[in-house]
Amino acid sequence: MERVYLVGFMGSGKSTVGALLAARLGLDFVDLDEAIEQADGRSVAEIFKESGEVRFREIESSILRRVSGRVPKVVALGGGAYADPQNREFISRRGIAVYLETDLSTILERIEIDASRPLFGSPNQVRALYDERLPSYRMAPVRVRTDGLDPDGVVERVVGALQSS
Ligand code: S3P
């Protein structure tokens, strides 16, 4: 297995599942948002506020390429990274994308509206963004449903799906 990229909406469990999956597979783990924050020296929220979303997406794309490296690993993407066609194309050449498919109702229950996720606004805004993102997420070659499962349960499903992919 080369690189596994976890795709999905905010609150779908990409970071939590990613860390567990990496441990399970004996691979390194990279959280893309954290790598962005380390490289830039600002939080994701600060980058959005001070430099805007367009700049954030440029940084995100460049750090995605940087962290992909040579060594096999698990990468938890931010919720918007896979919406970019060039990122999707890059990921398809470097490894396999796994979509953590999570109902909007589960996401709305899980995520607090706070300043740390600049794009997580009112329920109506979140719904619109979720609908907009779905077609991109569904382009991932592997899809795993997460509703009703704890993180370990999701890891088992991802491992199974990767084995049969
Ligand atoms: C975003 C999701 C966030 C983060 C940024 C933008 C998005 O990551 O990259 O706030 O566009 O959906 P998580 O999905 O890890 O919350």
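**Where the ligand is.** I started with the ligand and found that it sits in the largest pocket. A reminder to myself: this is a predicted model.

**The pocket.** I looked up its volume next, and about 570 Å³ of space lies in the largest pocket. I then pulled the lining, which comes to 28 residues. Met10, Asp33, Gly78, Gly79 and Arg117 are the ones nearest the pocket centre. By type, I noted 9 nonpolar, 9 polar and 10 charged residues in that lining.

**Which helices line it.** I checked the helices against the lining. Helix H1 (14–25), helix H2 (32–40) and H3 each put in at least two residues. H3 gives the most, with 5 residues.

**The shell around the ligand.** I moved in to the ligand itself and got 13 residues around it. Lys14, Asp33, Arg57, Arg117 and Arg133 come nearest. I sorted the shell by type as well: 5 nonpolar, 3 polar and 5 charged. Which helix supplies the largest share of this shell? I found that it is H3 (residues 44–68), with 3 residues. So much for the neighbours; on to the atoms.

**Polar contacts.** I went through the ligand oxygens. For Arg57, an N or O atom of the side chain is 2.6 Å from a ligand oxygen. Asp33, which I had already listed near the pocket centre, has a side-chain N or O atom 2.7 Å from an oxygen of the ligand. Gly79, also on that list, uses its backbone instead: a backbone N or O atom lies 2.9 Å from a ligand oxygen.

**Cover.** Last entry: I asked how much of the ligand the protein covers. On its own the ligand has 380 Å² of accessible area, and the protein covers 95% of that.

How values were computed
Residues are numbered from 1 along each chain as its sequence is written. This is a predicted model: local features need pLDDT of at least 70, side-chain atom pairs count only at pLDDT 80 or more; totals for chains, interfaces and linings use all residues. Side-chain values use heavy atoms; hydrogens and water are left out. A residue is near a molecule or strand if one of its heavy atoms lies within 4 Å of it. A polar contact is a pair of N or O atoms within 3.5 Å; within protein, one must be able to donate a hydrogen and the other to accept it, and residues adjacent in sequence count only if both atoms are side-chain atoms. Accessible areas come from the Shrake-Rupley method with a 1.4 Å probe; for residues, only the protein chains shown count as cover. On a 1 Å grid over the protein atoms alone, a cavity is a set of points where a 1.4 Å probe fits but cannot get out, and a pocket is an open set with protein on both sides within 12 Å along at least five of seven lines; lining residues have an atom within 4 Å of a point. A molecule sits in a cavity or pocket if more than half of its atoms lie within 2 Å of its grid points. Helices (H or I, at least four residues) and strands (E, at least two) are DSSP runs, numbered from the N terminus. Ala, Val, Leu, Ile, Met, Phe, Trp, Tyr, Cys and Pro count as nonpolar, Asp, Glu, Lys and Arg as charged, and the others, Gly among them, as polar. Grid points are joined across faces, edges and corners, and a volume is the space filled by probe spheres set on the points.
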